[in-house]
Amino acid sequence: MAHVCKVFSRRLSTSTAVRSAIKHVTVIGGGLMGSGIAQVAAATGHDVIMVDQTDDILAKSKAAIQKSLGRVAKKKYADDGEAQASFVGEVMSRISTNTDAVAACGKTDLVVEAIVENLDVKRRLFTALDAAAEEHTIFASNTSSLPIKDIASATKRQDRFGGLHFFNPVPMMKLVEVVKIPETSNETFERLVNLGKAMEKTTVECKDTPGFIVNRLLVPYMMEAVRMLERGDASARDIDTAMKLGAGYPMGPFELADYVGLDTTKFIMDGWSQKYPDIEIFRKSDLLNKLVAEGKFGRKTGEGFYKYDKK
Ligand SMILES: NC(=O)c1ccc[n+]([C@@H]2O[C@H](COP(=O)([O-])OP(=O)(O)OC[C@H]3O[C@@H](n4cnc5c(N)ncnc54)[C@H](O)[C@@H]3O)[C@@H](O)[C@H]2O)c1
């Protein structure tokens with residue numbers, strides 16, 4: 001009996017392991033996040049298809065990945081040019097591209113979506129993919145601010161749907177938040193966590209709550225700093241200095257907001273304040289709205305709360 005149980009449990013765990021191992025990943029969106037996710041997935045041995053709207057965008061994404069891999073290779077194989085070239089070549093050979101998302105998800109284990117932060121566009125995409133993907137295929141969104149449930153409900157596979165929230169720049173940032181909706185099955189969740197680990201990230205588990213863990217704490221913190229400035233409690237420079245020297249943060253909240261992008265921060269706040277009008281910390285800020293209306297998005301436009309030299 002003990003032997004039978006052992007064999008049975010070995011068979012069970014082998015079959016679970018086979019199902020759990022995500023080998024093929026389709027990344028939809030080859031922008032900042034999608035290209036980073038594709039790069040790290042390929043560098044950790046996964047076969048990847050990266051999808052975007054045009055071949056031109058995909059060519060640029062591949063060039064960006066190749067450049068980034070070159071930097072990784074230099075660190076990994078300091079004085080060995082041949083080893084560097086072979087590492088980059090090998091990883092790049094695992095990434096193919098396609099402009100047809102439906103065709104690219106036919107035989108994949110996981111679809112990770114990293115397209116524009118727009119609920120209707122994401123829902124439309126997933127409805128189309130749901131009809132084409134195999135039964136076992138898991139869907140995940142990298143959304144920063146939209147509820148995973150609102151995206152997943154566009155499909156008939158909510159048990160095989162979750163959030164995989166990576167951080168920018170993906171090759172450098174060690175964290176991935178793995179997000180569970182009530183319908184996400186334990187097996188799906190486990191496979192997503194295992195993928196995060198296989199991609200050499202530290203995973204944290206979170207429910208489908210606005211901003212998950214990091215943005216839920218970080219965005220209201222930045223906004224509270226903006227409100228201090230609006231009230232004239234302290235200057236931006238002094239608030240930044242205070243948080244760096246008094247709290248030990250590597251950047252002050254205004255430096256951080258300029259780095260993240262004021263347009264991105266406003267976009268998140270607009271969504272939250274509309275969806276949760278009674279939550280005080282999601283209240284909009286006139287100063288933030290004014291800066292964005294003036295095209296001052298932070299580092300990327302040369303001015304936000306601070307001015308930057310454009311290189
Ligand atoms: N930028 C960040 O710091 C960050 C961090 C975590 C999560 N996110 C989330 O990741 C997602 C992508 O953000 P990003 O910063 O990479 O944006 P991005 O603008 O750099 O890239 C988005 C890409 O998606 C492509 N795209 C748009 N619609 C498409 C479609 N229907 N099919 C295929 N491709 C399509 C665009 O051409 C573009 O290349 C968003 O949901 C965002 O909230 C962003």
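A residue counts as exposed here if 12 or fewer other C-beta atoms lie within 10 Å of its own, and as buried if there are 20 or more. Keep that cut-off handy for the close-ups below, which come from a predicted model.

**View 1. K75 and S68, two annotated positions on helix α3.** K75 sits in helix α3, and it counts as exposed because it has just 8 C-beta neighbours inside 10 Å. S68 is found in helix α3 too, which runs over residues 55-76. S68 is buried, since 20 other C-beta atoms lie within 10 Å. If you skip residues up to four places away in sequence, S68 touches Q39 and P171.

**View 2. The UniProt "binding site" positions.** The unreviewed UniProt entry puts this feature at S68, K75 and S144. These positions are spread over 77 residues of sequence, and they are spread out in space as well, with up to 30.2 Å between C-alpha atoms. Of these, S144 also turns up among the residues closest to the ligand.

**View 3. The shell around the ligand.** Count the residues surrounding the ligand and you get 24, with G29, G31, M33, S144 and N168 the closest. Two elements give two or more residues to this shell: α2 (32-43) and α6 (119-132). Helix α2 makes the largest contribution, at three residues. As for chemistry, the shell splits into 13 nonpolar, nine polar and two charged residues.

**View 4. The annotated domain.** According to the unreviewed UniProt entry, residues 24-209 are covered by the annotation "domain: 3-hydroxyacyl-CoA dehydrogenase NAD binding". Over that stretch the chain is 45% helix and 22% strand. Its end C-alpha atoms are 29 Å apart.

**View 5. The largest nonpolar core, with I37 picked out.** This core has 54 residues, and the ones touching the most other members are V27, I37, A38, V48, V111 and V112. Helix α2 supplies its largest share, seven residues. What does I37 contact once its neighbours within four places in sequence are left aside? The list for I37 reads V27, V112, A114, N142, F166 and V170. Another core lies apart from this one; it has 23 residues, including M222, F282, F297 and F305. As background, nonpolar side chains tend to be buried together in soluble globular proteins.

**View 6. A cis peptide bond at P169.** The bond from N168 to P169 is cis, with omega near -5 degrees. P169 is in the loop that links β6 (161-166) and β7 (175-180). N168, on the other side of that bond, is one of the residues closest to the ligand.

**View 7. Positive phi at E200 and F212.** For context, most residues other than glycine have a negative phi. E200 has a phi near 65 degrees, a positive value in a non-glycine residue, and it lies in the loop between α8 (186-198) and β8 (202-207). Phi of F212 is positive as well, near 50 degrees, and F212 lies in the loop between β8 and α9 (214-231). Which of these is buried and which is exposed? E200 counts as exposed because it has 11 C-beta neighbours inside 10 Å, whereas F212 has 22 and so counts as buried.

Note on methods. Residues numbered from 1 in each chain as written. Predicted model: local features only at pLDDT ≥ 70, side-chain atom pairs only at ≥ 80, totals over all residues. Near = placed C-beta within 6 Å. Helix = DSSP H or I, 4+ residues; strand = E, 2+ residues; numbered from the N terminus. Nonpolar A, V, L, I, M, F, W, Y, C, P; charged D, E, K, R; others polar. Core = buried A, V, L, I, M, F, W, Y, C linked by C-beta atoms within 7 Å. Contact = placed C-beta atoms within 7 Å. UniProt positions renumbered as here; feature names shortened; annotations may be inferred.
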